Amino acid sequence: MSLALAPEDRPYLPRGVRLHDDRVRGSTVLLAPEKAVDLDQIGVAILTRVNGDATFAQIIADLAQTYNAPAQQIEEDVQRFLVGLRARLYLMVH
Amino acid sequence: MPTPPPIAMLAELTHRCPLSCPYCSNPLEMAAKEAELDTETWISVFRQAAEMGVLQLHLSGGEPASRRDLEELTRAAREAGLYTNLITSAIGLTPRRLDALEAAGLDHIQLSLQGTNAQLADKIGGYRGGFERKMQAAEDIAKRGIPLTLNAVMHRQNLDDLDRTIEMAVDLGARRLEVACVQFHGWATKNIAALLPTCEQTEAAKEKVAEASKRLRGVMAFDFVPPDYYADYPKSCMGGWGSAGLNVAPDGTVLPCHAAQTIPHLQFENVRDTALESIWYDSAAFNAYRGTDWLPEPCQSCDRKEIDFGGCRCQALALAGDAGATDPVCVKSPDHHRVVAMLGQADDESDLTYRVNA
């Protein structure tokens, strides 16, 4: 199945997946079943906007405005990142 | 290169278990109940681990539900900031205990599967009625929405059942299926002939997992641990000795991996006497095979040395007689013929030797 998010999809982190402030390493990690994913600034920027309410389109628009970048480029990057998480069941959509 | 902090800790809360699987990774000499760490000491270990940078805590055993304080330990681990994963056969996980574990903040359950039907599963687990109790518990876990991984331990006697195993995992609502072929440590070393898969089974399993992970993309994720005797290169044991994870045995002994006590010349320290941080960074055992400086040839000049770190130390000891040798699984190892010879030992008529509790 295609895991690409549609503009109206509202992504969320399911139970058992959460952001964690890793004070020892000075970074934010995504904790998932038996896995810790080290996030860069972009990953953090995306996932702090993933809350089950915001649509994929709204998240893109918000990031494009915040980082003053072309929405199309942002969409490609965010789509690739979220599809990767979805394939591992670290992300789901309403 | 400075030693990084550990990411994961396996807490073997107890060696006690109602099952007696013939491939149990517990050592042949198991700790008795009286030797186990008490609740307060475990909680102190969890706090120390979190402060050092451990993110993932695996509550394991034996069967961790054999500890009456499992709920209290889970709560304390979660409060310390750890991601809590329960590795269980689910025997003893009643609805009441599941409720209490949920309330304590348990993040995830990894449920072991010995077989896809009662006849096979109860034969492997050596516990009549175990399969039925496990299936009931799996339903109770799914009903609560607790994130679930099914860990199917695969070998010669159940690999042909892989399709059904995958179906079952989907039906049980698992988000992830670990197809874990038996690794020959602990009790499994007594059962190599009966458990070693055939080359055909190994190839078929690889193809089935590849096909199913494509077909079920977005429905269930897969992890595949192949039987490394058929591989060309060894697995990167623990991601490198003393680099990512540590293991605390029921009596508080701290190990770089669950089989490390088979290496007789290493002395392992105990959390009853020494701080976890000091054991991780400073102890002789954790530094014995850390990094790549200690690697022998052919590893030292091999371009894979940062990938597999010479493979598994316990396997090198078991098969080559030297824990400091290249893992004989590697085709470049001068001892590789010993692995090839092992493959010839497989035998469908061989009886199982079950683990015996302390």
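1. Before we start, one term: two residues are in contact when their C-beta atoms, placed from the backbone, lie within 7 Å. With that in mind, look at B:Met9. Leaving aside residues up to four places away in sequence, B:Met9 touches B:Ala49, B:Val54, B:Leu57, B:Gly245, B:Leu246 and B:Val248. Please keep in mind throughout that this is a predicted model.

2. Why pick B:Met9? The largest nonpolar core has 122 residues, and B:Met9 and B:Leu57 are the ones that touch the most other members. The largest share of this core comes from strand β5 (residues 148-154) of chain B, which gives five residues.

3. Now find the sheet of chain B. Nine strands make an open sheet with mixed pairing, and the order is β7-β6-β5-β4-β3-β2-β1-β8-β9. At the edges sit β7 (221-225) and β9 (254-255) of chain B, each of which pairs on one side only. As a reminder, strands of a sheet pair through backbone hydrogen bonds, either parallel or antiparallel.

4. For an antiparallel pair, go to one end of that order. Strand β8 (residues 245-248) of chain B runs antiparallel to β9(B), and two bridges join them. If you want a spot to zoom in on, B:Val248 has B:Val254 in β9(B) as its bridge partner. You have met B:Val248 already, as one of the residues that B:Met9 touches.

5. For parallel pairs, try β4 (108-113) of chain B. On one side, strand β3 (residues 83-88) of chain B runs parallel to β4(B), with four bridges between them; here B:Ile87 stands opposite B:Gln110. β4(B) is also parallel to β5(B), and five bridges join these two. In that pair, B:Ile109 has B:Leu148 as its bridge partner.

6. How do you get from β3(B) to β4(B)? Follow the chain through helix α3 (residues 95-103) of chain B: β3(B), this helix and β4(B) make a right-handed β-α-β unit.

7. Is β4(B) covered or open? Six of its six residues are buried, so to speak of it as mostly covered is fair. Both of its faces are covered: B:His108, B:Gln110 and B:Ser112 are buried on one side, and B:Ile109, B:Leu111 and B:Leu113 on the other.

8. Helix α6 (residues 162-171) of chain B tells another story. Its buried residues are B:Leu162, B:Thr165, B:Ile166 and B:Ala169. Looking down the axis of α6(B), you would see these fall within an arc of 100°, so they line one face of the helix. The face turned away from that buried side carries exposed residues, B:Glu167 and B:Asp171. Among the elements that cover the buried residues of α6(B) are β4, β5, β6 (176-181) and α8 (199-215) of chain B. After the helix comes B:Gly173, with a positive phi near 80°.

9. Chain A has a helix to set beside it. In helix α2 (residues 56-66) of chain A, the residues A:Phe56, A:Ile59 and A:Ile60 are buried. Around the axis they cover an arc of only 100°, which puts them on the same side of α2(A). A:Gln65 and A:Thr66 are exposed on the other side. The cover over the buried residues of α2(A) includes β1 (11-12) and α3 of chain A. Just after α2(A), A:Asn68 has a positive phi of about 50°.

10. Where do the two chains meet? 17 residues of chain A are in contact with 18 residues of chain B. On the chain A side, β2 (18-22), β3 (27-32) and α3 (71-87) are the elements that give two or more residues. The residues on this side divide into nine nonpolar, two polar and six charged.

11. Finally, some backbone spots worth a look. The peptide bond from B:Gly61 to B:Gly62 is cis, with omega near 20°, and B:Gly62 lies in the loop between β2 (56-60) and α2 (70-79) of chain B. Another cis peptide bond joins B:Glu297 and B:Pro298, where omega is about 5°. A:Leu89 is not a glycine, yet its phi is positive, near 65°; A:Leu89 counts as buried because 21 other C-beta atoms lie within 10 Å, and 20 or more is the cut-off. B:Phe309 is also a non-glycine with a positive phi, about 50°, and with 26 C-beta neighbours inside 10 Å it counts as buried too.

Terms used:
Residues numbered from 1 in each chain as written. Chains lettered and ligands numbered in written order. Predicted model: local features only at pLDDT ≥ 70, side-chain atom pairs only at ≥ 80, totals over all residues. Nonpolar A, V, L, I, M, F, W, Y, C, P; charged D, E, K, R; others polar. Pairing = 2+ DSSP bridges. Core = buried A, V, L, I, M, F, W, Y, C linked by C-beta atoms within 7 Å. Buried ≥ 20, exposed ≤ 12 C-beta atoms within 10 Å, placed from the backbone. Arc of directions from axis to C-beta. Right-handed = clockwise from strand over helix to strand, strands pointing away.
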